Amino acid sequence: MEDTSGFDIKDLETYDKNYHVVRVVHESRSGFCRILEVRYSGRIFIAKTLKPEYRGSQPHKQLLTKEYEILSSLYHPSIIQTFGIVEIEGEGPALLLEYAYGVTLEDYLTEKKRDAVKTRLILEQICTAVDYCHKMGVIHRDLKPSNIIVYPQGPVVKIIDFNLSHSPAYTAPPLPGGTIGFSAPEEFASNAAAAPSSDIWSIGKLMEMILPKGNRAWLRVVEKCLDPLPENRPSSASLIPIMLDEKRGVSMRIFSILSILAILIVAAAILIFLNKPESGNRAIADLPPIIDNDTAISLRNDTSFEQVDPLKPLTVSNPDMEFIAEADDKVKVEDKGNAKAAVVAEIINQKDTVAIVKSKATEMAARRFKEQLAILDTATHQHTFALAKAGHWRWKANQDMEVWLKQQSLSVKERSRLRTISGLAIKDFEENHNSELKKAFHDAAYNRNVSSALEVVTQEENYIGGVNYIVKELDEDGEWRTYIKRKD
């Protein structure tokens with residue numbers, strides 16, 4: 001009988017077709033989900049289930065189904081894979097997911113030194129996956145360090161948790177929400193619409209977190225991603241790595257040009273030094289003759305030849321020519337004067353324009369800031385605090401300035417330049433009045449209608465039928481909690 005590397009498998013136990021819970025990986029304190037590690041048919045999976053109090057809730061089951069439908073429409077190496085909705089004994093319906101054996105991005109950065117090459121690899125994978133989602137019509141809406149798993153080998157990235165995700169395939173509007181610090185300001189508005197620009201903002205915050213030390217190119221791209229106006233952010237996640245390369249390319253080109261100029265200057269200096277005369281005045285005898293001796297003798301004997309005094313100014317024999325020369329000189333002087341006056345006038349005009357824009361931006365910021373303080377003074381629910389903490393007033397001020405700039409007669413380039421100036425003016429206003437905002441938060445915490453600024457419950461309720469209402473609440477970690485409330 002021929003030898004084989006196989007073996008007799010008749011004694012191996014058959015695969016168990018039941019789902020067995022190995023351990024609880026995570027249970028949200030304020031949310032409605034719990035994450036389990038389960039074993040099925042000889043393989044390990046992750047199962048996303050509902051906490052006991054939500055297992056009978058149809059809306060929460062629908063949210064689980066929606067997440068499955070969105071994930072099942074995506075197939076990308078940097079996006080967690082789903083295998084379906086299954087029933088687990090004692091746990092109810094569960095979203096079955098690929099087992100992610102890595103660590104969160106936050107833990108990865110804590111454990112590892114920030115290697116520039118690995119950081120760039122992580123960013124590129126995030127951007128590629130997010131760009132793929134957007135092309136498929138899916139907006140993640142909750143990109144943050146805990147929702148990005150990094151496998152140490154590579155490193156390899158997996159984006160998880162599409163609980164808040166949305167796409168045009170669903171008629172119901174997306175739930176307002178996100179994570180304070182990583183979600184764009186516009187995401188906290190009650191009428192928020194899912195848009196790729198909100199994910200771009202989140203990528204900017206992630207870049208800020210994994211920023212390689214001293215990398216100015218990253219800082220400039222981060223600033224672009226975190227622009228308060230969504231339309232000013234990069235139009236695609238795929239552009240972000242390209243923008244980093246462009247910034248580096250420009251820097252390298254400038255360095256190359258400066259290096260070439262330095263070499264040319266040094267070479268010119270060496271040539272001048274080598275060709276410098278040995279003494280300041282060379283003897284006339286050393287100079288080559290301009291005319292030969294015979295010509296010189298004939299000139300001296302020519303009585304019609306007038307000796308020219310080198311110190312005497314030349315005279316023009318034709319008075320018309322003299323007038324023309326004077327007129328020409330005058331025209332040249334006047335042209336130079338006019339050109340100089342035009343340049344000075346343009347500089348003054350530009351300075352005045354910048355001053356007007358700064359003044360207007362400061363005025364807009366002051367108005368929105370005053371409005372924000374008044375809202376905080378009478379705040380009774382946490383959604384207000386979330387908006388204030390996310391800088392929603394600053395976003396409104398930038399929008400006001402955008403409307404104002406569009407009303408002016410400006411070129412696209414000039415409007416872009418002045419938009420940047422107005423944004424910096426609003427940012428300066430915020431820094432100068434930051435202490436007032438902190439005080440407003442502190443005072444709000446002692447409002448007699450509110451026990452604590454961080455314990456206020458949102459009053460947003462949506463009727464879902466019968467005596468049931470779905471309530472959305474923001475906890476102290478900035479996580480949105482959704483639950484069913486009965487009103488008899």
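**Exercise 1.** In which helix does Val117 lie, and is Val117 buried or exposed?

*Solution.* The model is predicted, so local features need pLDDT of at least 70 and side-chain atom pairs count only at pLDDT 80 or more, while totals for chains, interfaces and linings use all residues. Residues are numbered from 1 along each chain as its sequence is written, and side-chain values use heavy atoms, with hydrogens and water left out. As a first step, place Val117 in helix H3, which covers residues 116-135; helices are DSSP runs of H or I with at least four residues, numbered from the N terminus. Next, take the relative accessible area of Val117, which is 58% and therefore makes this residue exposed, given that buried means under 20%, exposed over 50% and partly exposed in between, with a 1.4 Å probe and protein chains only. Finally, the C-alpha atoms of Val117 and Pro212 are separated by 9.5 Å, although these positions lie 95 residues apart in chain numbering.

**Exercise 2.** Find the place of Leu261 and classify its accessibility.

*Solution.* Begin with helix H6, residues 239-274, where Leu261 has its place. Then read its relative accessibility of 44%, because of which Leu261 counts as partly exposed. As a last step, place Leu261 in a nonpolar surface patch with Ile257, Leu258, Ile260, Leu264 and Ile265, which together have about 620 Å² of accessible area (Shrake-Rupley method, 1.4 Å probe, only the protein chains shown counting as cover for residues). Patch residues have over 30% relative accessible area and no salt bridge, with like charges joined within 9 Å and nonpolar side chains (Val, Leu, Ile, Met, Phe, Trp, Tyr) within 5 Å; a salt bridge is a side-chain nitrogen of Lys or Arg within 4 Å of a carboxyl oxygen of Asp or Glu.

How values were computed:
Helices (H or I, at least four residues) and strands (E, at least two) are DSSP runs, numbered from the N terminus.
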